[in-house]
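Thanks, everyone. I'll keep this brief: two ligand sites, then a few local features. Have a look at the structure first.

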Amino acid sequence: MNFSDSERIAGILETAGYEKTEALAKADVIVVTMCSIRQSAVDRIHSLVEKFNKIKQARKLQTTHYPLQTVLTGCVLKRDKNIFIEGFDYVLDIKDIAQLPKILKNKTSANTSQLCHDKDTKYLDIAPKHESKFTATVPIMTGCNNFCAYCVVPYTREREISRPAENIIKEVKNLVDNGYKEIWLLGQNVNSYRSQINTNKNSRIFANKISENSCVISFAKLLTLINQIPGEFWVRYTSSHPKDFKQDVISAMAEGNHISPYLNLPVQSGDNKVLKSMNRHYTVAQYKEKIKQLRKAIPNICLSTDIIVGFPGETKKQFENTVKLFKEIKYDMAYINKYSKRSGTLAYKLGDKILADEKKCREKTLNDVLRKTALANNKKYVGKELLVLIDSKKDNKYFGRTNTYKLVEVTSNKKGLVGNFIKVKITKANPWRLEAKIIN
Ligand code: 5AD
Ligand code: SF4
């Protein structure tokens, strides 16, 4: 989401006449889109402030002195806003980024958090400046109502709000018409996406009618509508909450030929007691049942998850339940996070007594299981012929992704493959990468 927000910021600044520079020292304006999920990300901002101050000092000594304006936005906790206002010229709420050119021009008051900001999704409709010509992110909702005990998102992004379905469909259609081949639908909790649509204006769109001339679009329905857009493209999405991930989405994924058979379904822990104190509202058995249904409907589904190791009070035995779940589910990928205590969250008062070394050890244990299951899953690909969307090139090696989001390395001397679907045959499996040759 921060990457996507940065593309909207770039879009706004470009429209206002700014140009992108790769050299920090040459910049008139630096905008930092920060993340507050872990304290380590917040700490990195402090070192950036030092760097920016050095540039500002150096500028003052130059004869042709032009000032540097620095802006902090993204996911910022209220407490940190007050701290960072010392280091940045402006601290701007992400929903107010449309006002950025005006603020820079008028040098509006330093702490802009008092600006009356849009409480809706208007900022998500700002035209982004996409870095890629073939892969794009499209936000569908923002905010979160779940208040997982460890998480800052409900505080930094506030409550859930969904973008109108018409705007999303229009944006995706426009991207596909312009040759984009991979669309990532984004939201902190996409499964609770919900918008109302005017059925008079969109007569071909059907959903649960709530009145004569309007109906409700759920996430499953949105996937189905996007799937109807003509063109050659894949749709992926993130993030999902297991409690809201239901059969209707499984069916939409199974039936939609554009919808990628890949799912990140964050389980966070494999222990019911830990899940309860994380405030996750599902049990391990319910999670496993959803995976079972998913695999039944989409046998080639590729699965990843998010985990937090060392959540306050997580015993060795409780952690072993996560290891057990990893062995049972046989994930393709997992994002394993060491618990970071966050001010203002429900878990803050539970302390953070599990030692850093112990968290590291638990992270390694899960990674060891994951490496084995990922390799075993990848071996099933050897000999298969499939499409890969090539996204980069280094020397004579191309890199891309399958529709199941598997990383593939293709050796070829051919030119101009980046940004295209290429048919390949998988020749070798590694835990994190498949190797392949092009089929002519
Ligand atoms: N500490 C460690 N990891 C966290 N995450 C969220 N909050 C924390 C925290 N306080 C992880 C969760 C989530 C992912 C985006 O970040 O696993 O799914
Ligand atoms: Fe954070 Fe996701 Fe939980 Fe929302 S659902 S509070 S974003 S971990």
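Start with Gln-268. A polar atom of the Gln-268 side chain sits 2.8 Å from an oxygen atom of ligand 1. Keep in mind that this is a predicted model. Asn-337 does something similar: a polar atom of its side chain is 3.1 Å from an oxygen atom of ligand 1. Ser-340 uses its backbone instead. There, a backbone N or O atom lies 2.8 Å from a nitrogen atom of ligand 1.

How much of ligand 1 does the protein bury? Taken alone, ligand 1 exposes 400 Å², and the protein buries 86% of that.

Now the elements around ligand 1. Two strands each give two or more residues to its shell: S13, residues 302-309, and S14, residues 333-338. The residues around ligand 1 include Asp-306 and Ile-308. Also in that group are Asn-337 and Lys-338. Ile-37, Arg-38 and Tyr-150 are there too, among others. By class, count 4 nonpolar, 3 polar and 4 charged residues in the shell of ligand 1.

And the space itself? Ligand 1 takes up the largest pocket. Ligand 2 sits in the largest pocket as well.

So, on to ligand 2. Which residues surround ligand 2? Three cysteines are worth finding on your screens: Cys-144, Cys-148 and Cys-151 are among them. So are Asn-146, Phe-147 and Tyr-150. Val-153, Pro-154, His-241 and Arg-280 also belong to the surroundings of ligand 2. Tyr-150 is on the list for ligand 1 and on the list for ligand 2. By class, the shell of ligand 2 has 7 nonpolar residues, 2 polar and 1 charged.

Stay with Phe-147 for a moment. Phe-147 lies in the loop between strand S5, residues 141-142, and helix H5, residues 153-156. Its phi is positive, about 50 degrees, although Phe-147 is not a glycine. Most residues other than glycine have a negative phi, and most peptide bonds are trans.

That brings me to a peptide bond. Is the bond from Thr-238 to Ser-239 cis or trans? It is cis, with omega near 0 degrees. Ser-239 is in the loop between strand S11, residues 234-238, and helix H8, residues 247-255.

Last item: salt bridges. The whole structure has 27 of them. One joins the side chains of Asp-177 and Lys-173, at 3.2 Å from N to O. Both residues lie in helix H6, residues 165-177. Asp-177 and Lys-173 are 4 residues apart, about one turn of the helix.

Conventions
Residues are numbered from 1 along each chain as its sequence is written. Chains are lettered from A and ligands numbered from 1 in the order in which they are written. This is a predicted model: local features need pLDDT of at least 70, side-chain atom pairs count only at pLDDT 80 or more; totals for chains, interfaces and linings use all residues. Side-chain values use heavy atoms; hydrogens and water are left out. A residue is near a molecule or strand if one of its heavy atoms lies within 4 Å of it. A polar contact is a pair of N or O atoms within 3.5 Å; within protein, one must be able to donate a hydrogen and the other to accept it, and residues adjacent in sequence count only if both atoms are side-chain atoms. Accessible areas come from the Shrake-Rupley method with a 1.4 Å probe; for residues, only the protein chains shown count as cover. On a 1 Å grid over the protein atoms alone, a cavity is a set of points where a 1.4 Å probe fits but cannot get out, and a pocket is an open set with protein on both sides within 12 Å along at least five of seven lines; lining residues have an atom within 4 Å of a point. A molecule sits in a cavity or pocket if more than half of its atoms lie within 2 Å of its grid points. Ala, Val, Leu, Ile, Met, Phe, Trp, Tyr, Cys and Pro count as nonpolar, Asp, Glu, Lys and Arg as charged, and the others, Gly among them, as polar. A salt bridge is a side-chain nitrogen of Lys or Arg within 4 Å of a carboxyl oxygen of Asp or Glu.
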